[in-house]
Amino acid sequence: MLLWSRRSRLTVLAVFAVVVLVVFIAPLATVVLAGLAGSWTGPLPSGLGLGRFGEALSGENLASLSVSLQTAFLAGGLALLLGTWAAIGAREVPEWLRRVTDAVFHLPIAVPSVAIGLGLLIAFNSRPLLLGGTRWIVILAHFVLVLAFAFSSVSAALDRLNPAYRQAAESLGAGSARVLFGVTLPLLLPALGAAAGLAIALSMGELGATIMVYPATWKTLPVTIFGLTDRGQAFQAAASTTVLLLVTLIALIALGRIRGRAALR
Amino acid sequence: MTAVLDRPTAPADSRPPRPRRPIRPILWLLPPLLIVLVVAVYPLIRVSLESTRGSGGFLGLDTWASVLGSQSFQSALWRTIAIAVTSTIGCLILGTFLAIVLAFVPFPGSAVVGRVIDTILALPSFLITLAFTFLYGTAGAVNALIGAVTGSTSPVLNFLYTPAGVIAAEITFFTPFVIRPLLAAFSLLPRQQLDVAASLGASPLRVLRSVILPEAWPALMAGGSLVLLLTLNEFGIVLFTGAKGVITLPVLIYTRGIVTFDLPGAAVIATVQVVLSLSLYIAYRVLFSRVTRGRQGTE
């Protein structure tokens with residue numbers, strides 16, 4: 001509707017296709033191909049095979065994948081719970097307190113994750129809040145970072161929610177607990193599914209705060225991947241990154257299904 | 001006079017009754033709020049306190065003086081700002097082009113492209129740097145291709161371990177953050193306006209300049225300031241690039257704090273970075289609320 005002649009349209013679309021291919025598709029494809037490649041000295045990789053994926057799914061790499069998944073589900077689940085609680089709770093309070101809550105919950109988005117990691121390292125390294133050197137400081141770091149996104153997406157969904165459903169239930173005499181569990185939360189379910197998917201994806205890829213706080217016994221997959229590239233094992237790093245991408249996508253799709261099913265109701 | 005003013009103008013019980021008891025909702029909000037204060041705000045306060053711990057463990061500003069005066073901090077600060085500003089400009093140009101095509105030059109499969117671009121938002125940023133080493137590294141695919149065509153043995157592309165490599169990676173990774181608000185703004189634009197402008201003889205560039213871009217301006221500003229914030233804070237891309245010449249403030253916090261274990265020094269850099277990021281974030285929020293309020297006003 002902007003370009004009316006066929007030729008100019010095709011030109012613009014060709015430029016668009018090249019840009020999308022070079023900027024977005026090529027990096028993703030390269031990482032997957034490098035993970036499959038035996039070596040890559042020419043324009044194209046050679047010796048394609050699944051050997052590196054076997055390596056990526058065994059030993060230390062598999063342990064890191066498991067650590068990442070446990071961290072993501074635990075931190076993401078807790079963040080979703082608390083973020084939803086705060087987002088719903090912030091509806092009913094006076095305006096000034098709602099603004100304060102909004103600002104405080106968004107703080108971890110605004111500051112660099114490395115600074116959050118440094119803060120947790122300093123603040124939780126002495127009694128009575130001794131978490132340093134345990135897995136819990138990693139989980140706490142992921143919880144803090146993901147909480148901001150959970151709060152923000154649930155708040156946005158609440159803004160879009162039609163208040164008439166809630167008001168109808170209230171006018172029919174439903175108590176506030178019944179309204180919450182019978183009306184508001186079911187209506188929020190698609191947004192909660194999307195928020196959970198985002199939380200898990202972000203937690204799986206988190207590097208900045210983790211690298212500041214992780215103990216040797218609780219290495220997440222991105223930290224292990226950084227170790228691999230640091231030792232010059234770029235191909236193995238690419239294979240592990242591909243595994244990370246696949247697991248993230250599976251989690252996103254699985255949680256997307258929740259959304260699809262909720263939409264059917 | 002004061003006595004008259006102080007006297008209550010009406011008996012207390014004739015005030016309009018408050019619609020709700022405000023205390024119970026506040027009590028309900030308190031637990032999550034307290035948890036966030038402990039796990040997010042308190043650590044940042046500890047960082048700024050740690051930065052005032054001078055040599056010998058006493059209160060003092062000598063750590064500040066030595067860090068702020070150091071060559072490594074100053075060059076990292078300017079490099080961080082230069083990389084962030086350049087990347088943001090790149091993201092705005094690329095994002096505007098892609099969003100305009102996605103919104104106004106429909107083609108089969110545009111929804112799929114939109115979803116691919118959306119997926120990038122959820123991926124880890126270091127992925128891009130890793131891909132770039134295979135693509136554009138000195139021993140990478142593109143150099144090998146150029147070498148095979150021209151027959152030269154020395155690599156032609158050698159920008160990966162310079163700020164230009166970091167900027168290229170950041171433009172790739174952060175452009176979706178510009179595209180999304182732009183698409184949202186374009187979807188509010190009535191299609192008839194474009195058709196009318198075109199039917200009156202305006203060229204596509206003129207339609208773009210005088211119909212589309214004025215509408216997109218607030219979204220462009222909001223997306224741009226978000227990208228500026230994210231590029232200032234970016235860590236993974238710079239860490240994986242790993243070259244001496246590209247160290248930015250977040251990576252300097254990491255090397256100071258973890259590699260050389262100088263916590264007060266790292267805390268000084270972190271405090272500077274937090275102040276920088278927070279002021280930008282506040283500006284973004286003000287801008288964003290103005291954009292949404294403006295949109296509500298026109299509806």
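## A tour from G208(A) outwards

Start by selecting G208(A): beyond its neighbours within four places in sequence, its contacts are P112(A), S113(A), V114(A) and G117(A) in chain A, together with F235(B), G236(B) and P250(B) in chain B. Please keep in mind throughout that you are looking at a predicted model. G208(A) belongs to helix α9 of chain A, which covers residues 208–213. Is this glycine buried or exposed? It counts as buried, because 26 C-beta neighbours lie inside 10 Å, and the cut-off for that class is 20 or more. Now add S113(A) to the selection and draw the C-alpha to C-alpha distance: the two residues are 5.3 Å apart in space, while their positions lie 95 residues apart in sequence, counted from one to the other.

**Chain A as a whole**

Next, select chain A and switch to a cartoon. Which secondary structure will you find there? The count is 11 helices and zero strands, so the order from the N terminus is simply α-α-α-α-α-α-α-α-α-α-α. The C-alpha trace spans about 70 × 70 × 30 Å along its principal axes. If you colour by burial, 44% of the 265 residues of chain A count as buried. A contact map of chain A would also be worth a look: among contacts with a separation of 6 or more, 72% come from residues 24 or more positions apart.

For a contrast with buried G208(A), pick helix α7 of chain A, residues 163–171. This helix is hardly covered, and the number of buried residues among its nine is zero. Step on to G173(A), which follows α7(A), and check the backbone: phi is positive there, near 95°.

**Two domains in chain A**

Colour chain A by its domain assignment, with domain 1 at 1–49 and domain 2 at 56–264. Their centres, taken over C-alpha atoms, are separated by 32 Å. How many residues of domain 1 of chain A are in contact with domain 2 of chain A? Five are, and they meet five residues of domain 2. On the domain 1 side, those residues divide into four nonpolar, one polar and no charged.

**The largest nonpolar core**

Now look for the largest nonpolar core, a set of 158 residues. Highlight L118(A), L147(A) and A199(A), which have the most contacts inside it. Helix α6 of chain A, residues 135–160, gives the largest share of this core, 15 residues. Both domain 1 (1–49) and domain 2 (56–264) of chain A give residues to the core, so it lies between them.

Zoom in on L147(A). Apart from its neighbours within four places in sequence, its contacts are A79(A), L82(A), G83(A), F105(A) and P108(A), along with V36(B) from the other chain.

**Where the chains meet**

Show chain B alongside chain A: 68 residues of chain A are in contact with 72 residues of chain B. On the chain A side, helix α1 (residues 6–36) gives the most, 13 residues. Coloured by class, that side of chain A has 54 nonpolar, 12 polar and two charged residues.

For a close view of one helix pair, select α3 of chain A (residues 59–89) and α2 of chain B (residues 23–51). Their axes come within 9 Å and cross at roughly 145°, and the crossing is left-handed. To see who makes this contact, show side chains for L82(A), W85(A), A86(A) and G89(A) on α3(A), then for P25(B), W28(B), L29(B), P32(B), L33(B) and I35(B) on α2(B). By class, the contact has nine nonpolar, one polar and no charged residues. You have already met L82(A), as one of the contacts of L147(A).

**Last stop: chain B**

Finally, hide chain A. Chain B has 13 helices and zero strands. Of its 299 residues, 40% are buried. Among contacts in chain B between residues at least 6 apart in sequence, 74% join residues at least 24 apart.

End at F261(B), in the loop between α12 (249–259) and α13 (263–298) of chain B. Why is F261(B) classed as exposed? It has 9 C-beta neighbours inside 10 Å, and 12 or fewer is the limit for that class. Its backbone deserves a click too: phi is near 50°, a positive value in a residue other than glycine. Most residues other than glycine have a negative phi.

How values were computed: Residues numbered from 1 in each chain as written. Chains lettered and ligands numbered in written order. Predicted model: local features only at pLDDT ≥ 70, side-chain atom pairs only at ≥ 80, totals over all residues. Helix = DSSP H or I, 4+ residues; strand = E, 2+ residues; numbered from the N terminus. Contact = placed C-beta atoms within 7 Å. Nonpolar A, V, L, I, M, F, W, Y, C, P; charged D, E, K, R; others polar. Domains from an automatic or database assignment. Core = buried A, V, L, I, M, F, W, Y, C linked by C-beta atoms within 7 Å. Axes fitted to C-alpha atoms, helices over the stretch in contact; angles between N-to-C directions. Left-handed = near helix turned anticlockwise from the far one by under 90°.
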